[in-house]
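Visitor: Before we talk about labels and cut-offs, could you put the model in front of us?

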Amino acid sequence: MPSKTTTAPDRSKGNAGWGLKAAAWFGVLYLNLPILFIVLYGFTTDEASYSFPPPGLTTEWFAVTWSRQDFWDALALSVQVAFAAMAIAMVLGTLAAAAMYRFKFFGKEAVTLLILLPIALPGIVTGISLRSAFAIGDIPFSYITIVLGHATFCIVVVYNNAIARLRRSSPALIEASMDLGADTFQTFRHVILPNLATALLAGGMLAFALSFDEIIVTTFTAGQQETLPIWMFRQLARPHQRPVTNVAAIIVMIITFAPILAAYYLTRDTDDVAGSGK
Amino acid sequence: MGRISNDPPQFYINVTDLIMNSTTAAVSFNQVSRHFGAVKAVDAVSFDIKDGEFFAMLGPSGSGKTTCLRLIAGFEQPTEGHVLVHGADMNGVPPYDRDVNTVFQDYALFPHMSVLDNVAYGLMIRKVPAAERRRQAEEMLDMVALGGFGGRKPSQLSGGQRQRVALARALVNHPKVLLLDEPLGALDLKLREQMQVELKAIQRRVGITFVYVTHDQGEALSMSDRVAVFNQGKIEQLASPTELYENPATSFVAGFVGISNLLEGAAAKAVTGTEGACSIRPEKIHLDSAGSSVPANAMGVAGRVSAILYLGANTRYDVALPGGGELTVAVQNRDAHIEPKEGEDVQLWWEARHLMRFAR
């Protein structure tokens with residue numbers, strides 16, 4: 001969270017020097033000023049170009065966006081894909097974390113690397129490799145292929161959150177539960193799951209946010225479908241109704257910011273939200 | 001623990017009767033081995049733990065005592081042999097189907113549950129109605145002097161309080177056997193001594209068999225009815241604390257339980273006339289000025305003081321022997337006694353019965 005360095009200085013620890021303050025504010029502006037411009041141009045009266053200052057301000061683009069069926073289709077597809085990718089990631093990521101935590105086996109480090117790889121690889125590499133894999137398998141590009149593409153990197157954030165929490169819990173907890181009469185299922189339900197719950201929820205929300213604004217992998221794994229980011233990208237190339245893109249961007253920001261914020265608050269007292277940096 | 005002192009004295013006699021008259025052992029090890037690869041953590045061990053007794057398993061780390069505890073709990077299965085709990089063979093029985101409960105070394109309290117829910121966990125699993133399990137859990141918290149702490153989270157308790165919660169969480173299920181895995185290890189000295197007294201009192205009160213694993217010989221001696229001393233996967237000696245201290249069966253036990261002067265080879269021969277290993281407790285040795293006579297029926301040796309350590313209640317003298325070797329003598333600072341300086345010659349003597357000889 002880059003904003004952490006810029007929160008009000010803790011008076012009990014003394015004041016930061018003015019140089020540090022200036023640098024911090026520069027960092028904040030550098031990161032966030034462009035975003036403010038995106039919001040600003042969502043209200044401009046200039047349809048074809050982004051001139052500064054805007055010739056006038058209007059809210060008509062919200063109405064225009066509202067009436068555009070292609071916008072609604074793209075938004076609906078993105079939400080569906082994000083939920084599906086999140087669901088797959090939560091199941092597989094949790095299982096992978098449980099297995100990696102519980103068992104020692106030959107090649108464990110290599111498998112860990114393989115699980116983490118999709119988030120480290122450039123999206124274009126993941127995208128191209130998935131595209132050729134789907135082509136070899138003769139799988140038609142569809143909603144399913146988009147979900148599969150997103151799931152590759154969504155699994156990582158769930159896995160990271162789950163395994164961080166597991167590593168911090170005492171293995172004696174499971175033994176204690178069994179010692180007190182709980183079988184495997186009861187132990188999972190009453191001890192493991194409640195301990196993992198916030199980490200899983202945080203991981204799932206990050207996965208949702210990652211999937212929702214993904215464009216590179218989607219470009220290679222989508223057929224005729226347009227997710228919201230792709231729709232926005234194509235929208236920019238058109239000469240008229242440009243501010244509609246900005247309105248969509250504002251909506252994307254709101255939809256992705258809420259789960260990331262929630263994930264941060266869910267896990268800040270326990271451990272770092274692994275993967276929140278992406 | 002006010003209620004304990006109010007109990008009629010017969011209560012204690014009943015417990016003793018129970019120990020003496022019981023026919024089935026609470027826990028029985030029958031030629032039990034547990035191997036981890038080539039490591040024989042437990043090696044063909046056989047012993048019985050009587051019903052209602054406070055039984056300690058004492059030994060250095062890696063001696064097999066904790067593995068034995070885990071074999072009783074069911075977290076380990078024997079490679080060979082059988083573990084019996086109240087006569088029933090436990091081989092293949094998972095931990096949750098055993099009528100034993102454990103107090104873990106790091107307490108293993110569930111961090112997401114309140115103290116009360118922690119204590120009531122076993123009852124909840126056994127589907128005891130909510131009101132009833134709440135009543136029983138609160139009663140148990142009262143017994144460990146934590147009444148009113150039920151609403152807190154384990155993270156809000158001190159180490160000693162967590163330890164009591166762990167004890168209450170196990171005892172509320174009224175197990176046939178309670179297993180304690182170095183439960184006082186994480187506490188400071190003062191609290192540890194206080195908890196030793198309380199644990200012993202609680203055990204007498206509930207009458208449940210306690211199996212207590214520790215590497216602290218002081219703990220084992222102060223609380224237990226009997227102690228099994230473990231070394232390298234085997235039991236060196238199983239005896240009462242007094243027997244263990246006064247009559248150690250092996251040189252390992254003599255060295256591990258209490259402080260001991262172990263003499264071997266030439267040093268032993270110079271003192272006893274034979275080369276076999278022998279040992280004598282520092283407090284059994286009398287310290288006299290050089291040249292004084294040794295009483296009849298006692299054994300003596302002359303030596304020279306090489307180090308003096310004043311310890312308050314007693315003073316420790318290291319005395320070098322002419323035949324090689326060294327004897328540590330502990331002198332109570334109660335009555336007047338000679339106070340030799342470093343380098344002075346002294347005469348040592350002890351009653352012959354206090355000299356312990358070992359085959360190994």
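**The interface and one sheet**

Guide: In this predicted model, the interface of chain B and chain A holds seven residue pairs in polar contact, both partners being at pLDDT 80 or more.

Visitor: Which elements of chain B supply at least two residues each to the side that touches chain A?

Guide: They are helix H3 (65-73), strand S6 (100-103) and helix H4 (115-125) of chain B, and the largest share, four residues, comes from H4(B). By class, this side of chain B has 14 nonpolar, five polar and four charged residues.

Visitor: How many residues of chain B and of chain A are in contact, and what area do the two chains bury between them?

Guide: On the side of chain B there are 23 residues in contact with 19 residues of chain A, while about 1700 Å² is buried between the two chains, 62% of it on carbon and sulfur atoms.

Visitor: Why is the pair of B:Arg70 and A:Glu175 called a salt bridge?

Guide: The closest N and O atoms of B:Arg70 and A:Glu175 are 2.8 Å apart, and the rule asks for a side-chain nitrogen of Lys or Arg within 4 Å of a carboxyl oxygen of Asp or Glu, so the pair of B:Arg70 and A:Glu175 meets the definition. The count between chain B and chain A is one salt bridge, whereas a search of the whole structure finds 19 over all chains.

Visitor: What makes B:Asp43 and B:Lys234 a salt bridge, and which parts does the pair tie together?

Guide: Their side chains meet at 3.7 Å, N to O, and the cut-off is 4 Å, so this pair qualifies too. Because B:Asp43 lies in strand S2 (residues 39-49) of chain B and B:Lys234 in strand S10 (residues 234-239) of chain B, the pair ties together parts that are 191 residues apart in sequence.

Visitor: How do you know that S13(B) and S17(B) pair, and in which sense?

Guide: Four bridges join S13(B) and strand S17 (residues 345-351) of chain B in the antiparallel sense, and pairing requires at least two bridges, so the two strands count as paired. Within this pair, B:His286 stands opposite B:Trp349 in S17(B).

Visitor: What is the strand order of the sheet, and why are some of its strands called edge strands?

Guide: Five strands of chain B form an open sheet in the order S13-S17-S14-S15-S16, with antiparallel pairing. Strand S13 (286-289) and strand S16 (326-332) of chain B are the edge strands, as each pairs on one side only. Neighbouring strands of this sheet are turned by 45 degrees against each other on average, direction ignored.

Notes. Residues numbered from 1 in each chain as written. Chains lettered and ligands numbered in written order. Predicted model: local features only at pLDDT ≥ 70, side-chain atom pairs only at ≥ 80, totals over all residues. Heavy atoms only, no water. Axes fitted to C-alpha atoms, helices over the stretch in contact; angles between N-to-C directions. Contact = heavy atoms within 4.5 Å. Buried area = accessible area lost by both parts, 1.4 Å probe. Polar contact = N/O pair within 3.5 Å; in protein donor to acceptor, adjacent residues only side chain to side chain. Nonpolar A, V, L, I, M, F, W, Y, C, P; charged D, E, K, R; others polar.
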